[in-house]
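Walk through this structure with the model open beside you. The route goes from the metal sites to a helix pair.

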Amino acid sequence: MTPSDSAGLPPQVSPPQFALSTLLPDAIGGVEVLAFPALPGPDGSTLLGPGADQAAESLGIGLLDLLDALTGPGADAPGKPGQVTTLPVGGHASVRRVLLVGVGDQSAPAFRRAGAALARATRDVDAVASSIAAIAEPDGFEAFVVGAMLGSFGFHWRSTGPEHTPVARIVLAGHADAGELDGVLRRAIAIGGASWRSRTLATVPSNLKNPEWLAEQAREVAADSGLEVSVWDEKELAKRGMGGLLAVGRASATPPRLIRLDYTPSSGRTSGKRTTRGARRAARVVLVGKGITFDTGGLSIKTAEGMATMKRDMTGGGVVISVLGALAAVGCPVRVTGLVAAAENAVGADSVRPGDVVHHYGGRTSEVNNTDAEGRLVLADALAYAVDQLKPDVIVDVATLTGAVRVALGSSIAALYATDDTLAERLLDSGRRAGEPSWRMPLASVYDEKLASKIADVDNAPGGPGSITAALFLQGFVGEVPWAHYDLASVGDATADSFEWSKGPTGWGARALLEWLGSDDPVKGIR
Ligand code: BES
Ligand code: MN
Ligand code: ZN
């Protein structure tokens with residue numbers, strides 16, 4: 001299906017390139033900006049990180065002047081994470097500015113903020129040399145790089161080109177054992193890149209982004225990262241009995257797709273798991289993403305205001321595609337299958353109607369009492385299929401599912417539901433570490449009865465508590481497989497530019513899932 005805008009997207013900006021160096025920043029030639037970490041010292045003083053003395057000397061700026069600039073009147077807590085103090089430099093061949101960037105308690109979140117702040121302060125600059133990450137532990141180093149990438153994020157569809165270009169090159173200077181950090185840097189770039197991709201996918205307007213376009217993105221990711229990919233079109237979906245996905249996608253000019261990506265770990269890092277027959281095989285995780293490429297609400301139509309952000313209703317699907325593309329780079333030891341249930345929830349003569357009954361994969365029926373509760377209808381088919389055909393050890397789905405979760409958690413925390421406590425702890429911890437925090441919500445069986453339908457197995461619009469009843473609906477399709485569900489509707493949108501977040505679609509979830517799947521044994525201790 002050709003997108004209705006055949007001109008397509010103009011070339012986009014790319015994240016910065018990173019290079020490691022053992023040299024101190026002032027010894028790196030040809031850079032316009034030098035950046036040093038500012039740390040809170042004893043008695044309210046401020047300390048500067050590696051190479052600041054040398055830079056002060058070679059630039060002819062007294063170190064005391066630097067410190068004065070930090071601590072003088074009007075300067076706001078210079079050591080605070082992500083606080084940037086700028087010192088103009090005159091008379092140097094290339095250096096125009098020195099930046100002192102607060103790194104606070106030197107925790108990973110502080111370095112993430114410092115990285116993002118550095119990126120925001122160096123937009124449109126060609127090259128910067130920084131010793132900020134040189135004082136970090138590996139997790140802080142990784143967070144710094146990811147922060148610098150995401151703080152650079154941009155997307156545009158202007159005839160005149162992007163308004164700003166990310167800093168093209170960041171030299172990570174002052175690293176004693178630059179070789180040892182190579183692996184950490186590669187992993188950070190993979191995580192930052194996946195998060196960037198996920199944000200881009202969520203940002204692309206829906207006159208371009210339809211189910212087949214999303215499938216094409218998955219094919220490109222697969223080709224780049226050595227994944228297997230397959231895409232089911234509407235005929236195949238009908239053969240497989242995926243009535244939820246077909247019903248939701250039926251009124252759209254661009255028919256639904258089920259996108260599948262498969263990652264197999266290279267031998268060596270395969271985590272063994274004993275089956276009852278004693279044969280060893282790698283455990284398998286299935287990730288399922290909601291891929292609604294636009295959500296009008298269908299006949300239960302949304303208000304104009306409610307519809308305004310609905311191009312990003314495929315955030316979960318974009319996360320799944322992006323995560324799959326980065327699994328090899330983070331050394332994921334388990335097999336992972338990604339399923340994206342992609343459809344446009346449109347209005348048309350052929351729309352699914354309130355009161356219609358749909359057959360999901362495997363035979364369960366839903367009464368569609370609200371066509372705007374479409375996410376659970378498409379996810380149900382993919383979840384049931386995964387349970388029936390893929391023998392998963394763990395299933396995790398990712399979906400911008402309910403407006404209700406935004407009321408509960410605001411815009412900075414995602415909702416996490418899980419049938420297994422170990423899985424829940426793993427995901428909560430991974431999210432905390434990666435900077436994508438979630439809060440566990442209950443799969444409270446006391447609300448089960450709300451899901452009863454007069455005529456079908458389940459009602460798709462059971463009423464409040466909306467995020468919980470939506471999760472309970474999904475639980476009906478996962479059988480006994482350990483399962484977790486992210487309701488991302490709270491965090492799909494950033495309200496303002498803030499450190500690594502940029503106003504608009506967030507692509508939330510890629511970092512948290514890669515932190516989990518890139519760990520030594522992601523499924524350890526899960527039933
Ligand atoms: N895509 C929406 C959820 C959403 C709302 C995401 C706001 C991001 C921001 C979802 O398909 C939806 O419309 N859910 C309904 C369900 C209701 C009709 C049972 C909702 O939450 O209002
Ligand atoms: Mn909806
Ligand atoms: Zn939706």
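Six donors count as octahedral if opposite donors are over 155 degrees apart and all others between 65 and 115; a six-donor site that fails this is irregular. Keep that test in mind for the two metals below. Keep in mind, too, that this is a predicted model.

Start with the zinc ion (ligand 3). Its protein donors are Lys290 (NZ), Asp295 (OD), Asp313 (OD) and Glu374 (OE). They lie 2.0 to 2.4 Å from the zinc ion. The zinc ion has six donor atoms, and the angles among them run from 77 to 174°. The zinc site is octahedral. Along the chain, the zinc donor residues follow the spacing K-x4-D-x17-D-x60-E. Two of these donors show how the site links distant parts of the chain. Asp295 sits in strand β12, while Asp313 sits in the loop between α9 (304-307) and α10 (315-326). The two are 18 residues apart. Asp313 has 3% relative accessibility, so it counts as buried.

Now turn to the manganese ion (ligand 2). Here the protein donors are Asp295 (OD), Asp372 (O), Asp372 (OD) and Glu374 (OE). Asp372 thus appears with both its O and its OD. The distances to the manganese ion are 2.0 to 2.2 Å. This ion also has six donor atoms, with angles of 72 to 168° among them. The manganese site is irregular. Its donors are spaced D-x76-D-x1-E in sequence.

What separation lies between the manganese ion and the zinc ion, and which residue coordinates both? The ions are 3.2 Å apart, and Asp295 coordinates both. Asp295 lies in strand β12 (residues 284-295), and Glu374 in the loop between β15 (365-368) and α11 (375-389), so this pair ties together parts that are 79 residues apart in sequence. Are these two residues buried or exposed? Asp295 has 3% relative accessibility and counts as buried. Glu374, at 0%, counts as buried as well.

Leave the metals and look at a helix pair. Helix α3 (residues 108-121) packs with helix α4 (residues 138-150). Their axes are 7 Å apart, at an angle of about 30°. Angles under 35 degrees count as roughly parallel, so α3 is roughly parallel to α4. The crossing of α3 and α4 is right-handed. On the α3 side, the contact residues include Ala108, Phe111, Arg112, Ala114 and Gly115. They belong to a set that meets α4 residues, among them Asp139, Gly140, Ala143 and Phe144.

How values were computed
Residues numbered from 1 in each chain as written. Chains lettered and ligands numbered in written order. Predicted model: local features only at pLDDT ≥ 70, side-chain atom pairs only at ≥ 80, totals over all residues. Heavy atoms only, no water. Donors = N, O, S within 2.8 Å, 3.2 Å for Na, K, Ca; no water. Tetrahedral: all angles 85-135°; square planar, octahedral: opposite > 155°, others 65-115°. Helix = DSSP H or I, 4+ residues; strand = E, 2+ residues; numbered from the N terminus. Buried < 20%, exposed > 50% of the residue type's maximum accessible area, 1.4 Å probe, protein only. Axes fitted to C-alpha atoms, helices over the stretch in contact; angles between N-to-C directions. Parallel < 35°, antiparallel > 145°, perpendicular 65-115°, else oblique. Left-handed = near helix turned anticlockwise from the far one by under 90°. Contact = heavy atoms within 4.5 Å.
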